[in-house]
Amino acid sequence: MKRVRHIIEPGPRYLLVSGVCFAITNLSLIGMASAGITYVFAVIVTTALMIPFSYSLHSLFTYRVKASFGSIWRYTLSQAVNAPLAIVLYYVSCDLAGLSMMLATPVVTVLMVIWNYATSYWSIALNTMRRAIVADRQT
């Protein structure tokens, strides 16, 4: 039961931080698309800018863990997967389904929230939460 609590407890903080990050990301993507920049380049640039920003917020606020080289490395890798995943989702939404960037962005965002919660927990908090669970069992 404590394991489930450690996974669910940061959920509301995750949604708050992710809401801020996704708003910035969406404004960036829509703005670049409006300026005639392709979604591929827009996703790559936005991802590169958002990784350090979102990692800092998730470490300090969402999961309340100390930043470490290992966790930022895992987070960067998981976010690097996000870029191709987002490009595929935009390709399906825009090119195949014919949605505008304005309509595709919220659809892609919802799908990415689910993926990002799992990967951010794994990359930033999993080891710390495991130690907390073990410590709880020993008390």
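Student: Which residues lie nearest the centre of the largest cavity?

Tutor: Good place to start, and keep in mind that this is a predicted model. The lining of the largest cavity is made up of 25 residues. Those nearest its centre are F22, T25, Q79, N82 and N116.

Student: Which element gives the most to that lining?

Tutor: Let's look at the candidates together. Two or more lining residues come from each of α2 (11-34), α3 (39-62), α4 and α5 (101-138). The top contributor, with 7 residues, is α2.

Student: How many cavities of 30 Å³ or more are there, and what is the volume of the largest cavity?

Tutor: General idea to begin with: rolling a probe the size of a water molecule over the atoms shows where empty space is left. Here the count comes to 1 cavity of 30 Å³ or more. The volume of the largest cavity is about 360 Å³.

Student: How many nonpolar, polar and charged residues does the lining of the largest cavity have?

Tutor: We can sort the lining residues by class. No charged residues are found there. The other two classes are 12 nonpolar and 13 polar.

Student: How many helices and strands does the protein chain have, and in what order do the elements run?

Tutor: Try following the protein chain with your finger. There are 5 helices and 0 strands in it. Read from the N terminus on, the order is α-α-α-α-α.

Student: Which residues form the nonpolar patch on the surface, and is Y91 buried or exposed, or partly exposed?

Tutor: The patch consists of V88, Y91, V92 and L96, with about 370 Å² of accessible area together. Of these, Y91 lies in helix α4, which covers residues 69-96. Its relative accessible area is 39%, between the cut-offs of 20% and 50%, so Y91 counts as partly exposed.

Student: Where is R64 found, and is it buried or exposed?

Tutor: R64 sits in the loop between α3 and α4. Although R64 is not a glycine, it has a positive phi of about 50°. Its relative accessible area is 55%, and exposed means over 50%, so R64 is exposed.

Student: How far apart in space are V107 and Y90, C-alpha to C-alpha?

Tutor: V107 lies in helix α5, and at 41% relative accessibility V107 counts as partly exposed. In sequence, V107 and Y90 are 17 residues apart. In space, C-alpha to C-alpha, the distance between them is 9.1 Å.

Student: What share of the protein chain counts as buried?

Tutor: Buried means under 20% relative accessible area. The protein chain has 139 residues, and the share that counts as buried is 40%.

Technical notes:
Residues are numbered from 1 along each chain as its sequence is written. This is a predicted model: local features need pLDDT of at least 70, side-chain atom pairs count only at pLDDT 80 or more; totals for chains, interfaces and linings use all residues. Side-chain values use heavy atoms; hydrogens and water are left out. Patches are made of residues with over 30% relative accessible area and no salt bridge: like charges are joined within 9 Å, nonpolar side chains (Val, Leu, Ile, Met, Phe, Trp, Tyr) within 5 Å. Accessible areas come from the Shrake-Rupley method with a 1.4 Å probe; for residues, only the protein chains shown count as cover. A salt bridge is a side-chain nitrogen of Lys or Arg within 4 Å of a carboxyl oxygen of Asp or Glu. Helices (H or I, at least four residues) and strands (E, at least two) are DSSP runs, numbered from the N terminus. Buried means under 20% relative accessible area, exposed over 50%, partly exposed in between (1.4 Å probe, protein chains only). On a 1 Å grid over the protein atoms alone, a cavity is a set of points where a 1.4 Å probe fits but cannot get out, and a pocket is an open set with protein on both sides within 12 Å along at least five of seven lines; lining residues have an atom within 4 Å of a point. Grid points are joined across faces, edges and corners, and a volume is the space filled by probe spheres set on the points. Ala, Val, Leu, Ile, Met, Phe, Trp, Tyr, Cys and Pro count as nonpolar, Asp, Glu, Lys and Arg as charged, and the others, Gly among them, as polar.
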